[in-house]
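Look at the model below and follow the text with the structure in view. The walk starts at the DNA and then moves to a sheet.

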There are 2 protein chains.
Amino acid sequence: MSTILDVCKLAGVSKATVSRVVNGTGQVKESTREKVFSAMQSLGYRPNRLAQALATNKTHTIGLVVSDFDGIHFGSLLKQAAASAEFAKKQLIVTDGHNDPNYEYEMIMQLEAQCDAVILYSRTLTDDHIQRLHQQLTIPIVVINRDLPEQLFHSVSFQQEDAVKLMMGHLLDNGHRQIACITGHMMNPTGVARLNGYKHSLAELGVEFNEKLVRNGDYHMKSGYQACKELIHDGISFTAIIAFNDCMALGALRALTEVGIKVPEQISIIGIDDDPVSEFFTPRLTTVKLPIADMTKQAVELAITLCDETKATHSYQYKGQLIERESVMPVK
Amino acid sequence: MSTILDVCKLAGVSKATVSRVVNGTGQVKESTREKVFSAMQSLGYRPNRLAQALATNKTHTIGLVVSDFDGIHFGSLLKQAAASAEFAKKQLIVTDGHNDPNYEYEMIMQLEAQCDAVILYSRTLTDDHIQRLHQQLTIPIVVINRDLPEQLFHSVSFQQEDAVKLMMGHLLDNGHRQIACITGHMMNPTGVARLNGYKHSLAELGVEFNEKLVRNGDYHMKSGYQACKELIHDGISFTAIIAFNDCMALGALRALTEVGIKVPEQISIIGIDDDPVSEFFTPRLTTVKLPIADMTKQAVELAITLCDETKATHSYQYKGQLIERESVMPVK
DNA sequence: AGCACTTAAGTAACCGGTTACATTGAAAAT
DNA sequence: ATTTTCAATGTAACCGGTTACTTAAGTGCT
């Protein structure tokens with residue numbers, strides 16, 4: 001791996017000159033430029049990005065920190081983040097926090113020298129942690145999918161509760177009153193907000209909340225499947241199922257299909273996410289779209305903007321959008 | 001962001017001493033160590049990894065280069081890679097090559113100073129490119145999911161052709177002779193190897209190859225759906241479908257379901273991958289497992305090993321494994 | 001020819017660490 | 001008491017770049 005010094009020797013010029021032609025800064029005589037170029041060429045010289053970063057305090061890298069790689073949206077998030085970063089010619093460093101807020105905090109602080117900005121998709125960090133990060137870090141931080149005290153941070157979030165209300169509204173409009181609910185993890189804000197959406201929708205129509213209709217899932221298909229099996233096994237009566245993501249809805253669909261219950265004729269199902277697979281199941285799943293890719297793209301673009309520009313707080317809120325397909329029909 | 005010099009001043013010692021206590025190297029008097037520790041503490045000092053990397057020529061980072069983020073396995077690959085790297089306390093830098101071999105080549109060369117090893121999941125780079133990379137790079141490179149001249153490189157690969165033979169064998173054993181084939185991109189080695197598997201299996205049983213039974217797909221559900229619709233529309237006669245991944249198989253399943261053709265009673269379907277969703281469709285999809293997560297884990301571990309150790313060529317080959325579920329039955 | 005001004009290139013400090021080597025002081029050995 | 005030994009620390013070079021400042025060589029103008 002040749003360094004700038006090798007180029008200097010071969011071209012017979014100083015480091016400064018090589019640096020100038022590499023970066024296209026300052027004045028360099030055409031003939032010198034050519035000498036340097038051909039030296040670089042024949043050595044296969046490539047500037048060491050680490051050294052550049054150290055010298056300029058610009059890394060052209062953005063950090064992505066997630067609480068846990070097993071999170072359900074992580075795949076598409078990472079994919080979109082990688083694509084968006086790449087598009088802007090930034091590198092992406094990926095880190096997870098092992099679901100441990102302190103560890104995660106430390107990881108983020110570590111990234112400071114290595115990134116120009118960091119994107120945080122956390123479900124374990126408290127608001128207080130994030131607050132502190134914001135104060136301590138000299139680089140901007142963009143928080144994704146998290147509702148935070150307004151106007152305090154750069155953030156890209158999703159209206160969780162409203163999205164669930166949209167789902168419930170659709171079910172209620174179709175006459176459903178006994179609506180089973182398959183939740184996600186209840187330790188994090190998303191799960192809580194969504195459950196609130198469920199409860200509030202019920203309350204608004206004066207339908208009594210029935211604990212037996214609520215089952216915990218973990219966002220994976222299997223848990224939706226199991227939750228639904230339990231519901232059936234327990235002999236609970238319901239006409240519709242709302243699941244806190246499409247995967248679990250699809251798992252529930254499978255469970256119903258197995259025992260010969262027809263969807264949507266006997267039971268309606270609605271999910272959230274608009275997972276690409278949802279429209280390939282039979283019946284095609286009705287859902288509320290959660291535009292995680294768009295949100296991620298927005299977050300990365302915001303982060304990149306913040307690398308160079310001022311610090312006025314930006315925040316974007318995304319709303320769910322009902323996608324009617326075939327898994328919901330009016331109750332008989 | 002405080003530097004080592006700040007710590008020096010506060011603790012009243014030299015850079016060397018601070019470095020020693022940070023790294024636990026050399027001899028340091030206990031009382032000095034404490035002074036330094038408390039200085040670090042009160043400053044919230046964290047060593048600059050960039051500077052460390054530059055000085056030690058150790059980055060504790062591995063690079064992951066893929067041809068294109070849209071590749072079908074990319075999500076799970078990235079997820080597993082991120083998790084494995086994290087587990088070994090390495091950072092991960094992710095880059096894609098825009099499906100352009102020269103750009104990709106350049107990206108990899110760029111990574112040299114930033115990583116201790118790189119993992120390459122490429123479908124555009126030629127063997128010759130990889131050969132050259134191997135010669136030029138001073139860091140090890142692990143090639144994943146690619147069959148290369150034996151013993152030349154570190155690699156983790158999958159027996160593509162054999163896997164398809166496994167699928168075909170299962171269909172043929174069940175009496176199928178008119179087997180439609182939904183392929184993937186045919187520009188890359190994987191697609192070609194798989195199609196060979198299809199052809200050779202047919203040839204071994206003396207079944208004539210019929211071009212009309214072969215349709216190109218792009219590994220996404222929609223393309224499987226469309227390919228199947230075309231097959232039906234063209235009035236081609238077949239008793240089974242083999243698809244070059246589960247997604248397309250599932251798309252085909254959907255297409256058949258839509259037109260009222262029963263799977264597997266009328267038509268059998270087999271896929272490859274063992275996508276997590278496959279067992280939630282009805283009927284549950286019979287498939288051949290492609291252990292992409294295991295392979296990725298292996299590749300990352302290999303890469304990490306190579307960071308420190310010698311250079312004897314390692315290569316791992318994975319085989320497909322038939323997972324019989326419900327989408328294949330004997331032909332009538 | 002003499003002067004100011006511009007262009008082209010070099011010098012050296014700096015980014016934030018590591019590390020080979022030198023130095024110091026005290027304990028151990030003679 | 002003197003020498004040896006070694007633990008503890010400092011000095012300075014180095015990693016591979018960037019960049020403010022300086023210097024040298026042209027160029028144009030009177």
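In this predicted model, a phosphate oxygen of DNA strand D has a polar side-chain atom of Thr17(B) at 2.8 Å. Chain A offers a similar kind of pair: an N or O atom in the side chain of Ser19(A) is 2.5 Å from a phosphate oxygen of DNA strand D. For Gln27(B), the distance from a polar side-chain atom to a phosphate oxygen of that strand is 3.5 Å. Two or more residues each come from helices H2 (15–23) and H4 (49–56) of chain A, and from helices H2 (15–23) and H4 (49–56) of chain B. H2(A) gives the most, with 5 residues.

How many residues surround DNA strand D? There are 27, and the closest include Ile4(A), Lys15(A) and Arg20(B). By type, the residues of this surface divide into 11 nonpolar, 11 polar and 5 charged. On the DNA side, sugar or phosphate accounts for 60% of the strand D atoms within 4 Å of the protein, and bases for the rest.

Now turn to the sheet in chain B. This is an open sheet of 6 strands with mixed pairing, in the order E7-E6-E8-E9-E10-E12. Strands E7 (214–216) and E12 (321–323) of chain B are at the edges and have a single partner strand each, so one side of each lacks a neighbour in the sheet. From one strand to the next, the twist averages 20 degrees.

Strands E6 (residues 179–183) and E7 of chain B run parallel and are joined by 3 bridges. Within this pair, Cys181(B) has Val214(B) as its bridge partner. Helix H9 (residues 189–204) of chain B packs on the sheet, where it touches E6, E7, E8 (240–243) and E9 (268–273) of chain B. The direction of H9(B) makes about 175 degrees with that of E6(B). Helix H10 (residues 221–233) of chain B lies across E6, E7 and E8 of chain B, at about 145 degrees to E6(B).

Methods. Residues are numbered from 1 along each chain as its sequence is written. Chains are lettered from A and ligands numbered from 1 in the order in which they are written. This is a predicted model: local features need pLDDT of at least 70, side-chain atom pairs count only at pLDDT 80 or more; totals for chains, interfaces and linings use all residues. Side-chain values use heavy atoms; hydrogens and water are left out. Two strands pair if DSSP finds at least two bridges between them. Helices (H or I, at least four residues) and strands (E, at least two) are DSSP runs, numbered from the N terminus. Axes are lines fitted to C-alpha atoms, for helices over the stretch in contact, and angles run from 0 to 180 degrees between N-to-C directions. Contact means heavy atoms within 4.5 Å. A residue is near a molecule or strand if one of its heavy atoms lies within 4 Å of it. A polar contact is a pair of N or O atoms within 3.5 Å; within protein, one must be able to donate a hydrogen and the other to accept it, and residues adjacent in sequence count only if both atoms are side-chain atoms. Ala, Val, Leu, Ile, Met, Phe, Trp, Tyr, Cys and Pro count as nonpolar, Asp, Glu, Lys and Arg as charged, and the others, Gly among them, as polar.
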